[in-house]
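Hi,

Here is the structure I promised to pass on. Have a look at it first, and my notes follow underneath.

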Amino acid sequence: MIKKVLLYALLALLVITAVDLWRGKDLPTGSLPEQQWQSLQYQAVDIVERSYQEPVIVYFWGTWCPVCSVITPSVDWLAGYLPVVSVAMTSGTDAELRRYLVQNDYQLAVVNDPQAAISKKWGVAVTPAFAIVSDGEVQSFTAGPTTPLGLYARWLWAHW
């Protein structure tokens with residue numbers, strides 16, 4: 001019985017890894033170009049520069065995404081402990097997105113991507129999606145539901 005459970009767990013891990021590799025095939029490789037963004041909180045965001053101090057979790061999401069509505073509260077919580085920058089894809093104007101953040105009491109840094117230009121440049125087509133950037137490069141990518149523990153593990157892995 002234990003052998004069967006371990007075999008199924010290994011198979012699931014292989015499938016998830018293969019899907020993440022396929023979904024991340026269009027991600028930038030090598031050193032990222034400068035990423036000069038401004039958050040809705042009026043702060044300059046330079047992921048590349050920050051990633052040389054410690055890995056940064058880049059969270060691609062949308063207010064319209066039902067899975068994101070379940071995942072974002074835990075990402076918001078995690079942002080209190082780890083460096084997280086979120087990119088809100090096609091989620092409306094700055095004012096609409098600010099209202100959404102206030103309504104949901106989200107505190108994480110949010111960059112508005114109203115026409116998904118940033119997301120397209122990164123090759124991100126699905127939400128939610130997470131990239132871990134360390135030393136100016138994408139070290140890890142996953143798309144779909146994940147847990148804070150899973151993100152933390154990927155973040156730790158990027159330290160090595």
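Start with β3 (residues 56-61) and β4 (residues 84-89): these two strands pair in the parallel sense, over five bridges. If you want a register mark, take W61, whose bridge partner in β4 is A88. Bear in mind throughout that this is a predicted model.

That pair belongs to an open sheet of five strands, ordered β5-β4-β3-β6-β7, with mixed pairing. The edges are β5 (109-113) and β7 (137-143); each has a single partner strand, so one side of each is left without a neighbour in the sheet. On average, neighbouring strands here are turned by 20° against each other, direction ignored.

Now the two edges, one at a time. β5 runs parallel to β4, and five bridges join them; within that pairing, V85 stands opposite A109 of β5. To get from β4 to β5 the chain goes through α4, and this β-α-β crossover is right-handed. The helix in question, α4 (residues 94-103), lies across β3, β4 and β5 and runs at about 145° to β5.

Is β5, as an edge strand, buried or exposed? Mostly covered: five of its five residues are buried. Both faces are involved, with A109, V111 and D113 buried on one side and V110 and N112 on the other. As a general point, side chains in a regular strand alternate between the two faces of the sheet.

N112 deserves a closer look. This residue sits in strand β5 and counts as buried because its relative accessible area is 12%, under the 20% cut-off. Leaving out residues up to four places away in sequence, N112 touches L40, A88, G92, T93, D94 and L97. The C-alpha atoms of N112 and M89 are 6.8 Å apart, although 23 residues separate the two along the chain.

β5 also has a visitor from a loop. S39 lies between β1 (36-38) and β2 (44-46), and with a relative accessible area of 4% it is buried. Beyond residues up to four places away in sequence, S39 touches V45, V110 and V111.

Over at the other edge, β7 is mostly covered too, with five of its seven residues buried. β7 runs antiparallel to β6, joined to it by six bridges, and the bridge partner of S134 in β7 is E137. The hairpin these strands form has two residues between them, and D135 there takes a positive phi near 50°.

Next, the helix I would look at most carefully. α3 (residues 66-78) lies across β3, β4 and β6 (129-134), at about 155° to β3. α3 bends by about 35° at T72, and a proline, P73, follows within four residues. Buried in α3 are C68, I71, T72, V75, D76 and L78, and what covers the buried residues of this helix includes β3, β4, β6 and α6.

That leads to the packing. In soluble globular proteins, nonpolar side chains tend to be buried together. Here the largest nonpolar core has 23 residues, and I57, Y59, W61, V75, L108, V110 and F130 have the most contacts inside it. The elements giving two or more residues to this core are β3, α3, β4, α4, β6 and α6 (148-159), and α3 provides the largest share, four residues. L108 shows how far one residue can reach along the sequence: setting aside neighbours within four places, L108 is in contact with Q41, Y59, V75, D76, A79, V84 and S86. There is also a second, separate core of 21 residues, among them M89, V111, A129 and A143.

Finally, the whole chain. There are six helices and seven strands, and from the N terminus on they run α-β-β-α-β-α-β-α-β-α-β-β-α. Of the 160 residues, 46% count as buried. Among contacts with a separation of 6 or more, 72% come from residues 24 or more positions apart.

Over to you now.

Cheers

Notes
Residues numbered from 1 in each chain as written. Predicted model: local features only at pLDDT ≥ 70, side-chain atom pairs only at ≥ 80, totals over all residues. Heavy atoms only, no water. Pairing = 2+ DSSP bridges. Axes fitted to C-alpha atoms, helices over the stretch in contact; angles between N-to-C directions. Contact = heavy atoms within 4.5 Å. Core = buried A, V, L, I, M, F, W, Y, C linked by side-chain atoms within 4.5 Å. Buried < 20%, exposed > 50% of the residue type's maximum accessible area, 1.4 Å probe, protein only. Bend = angle between axes of the 7 residues up to and from the residue. Right-handed = clockwise from strand over helix to strand, strands pointing away.
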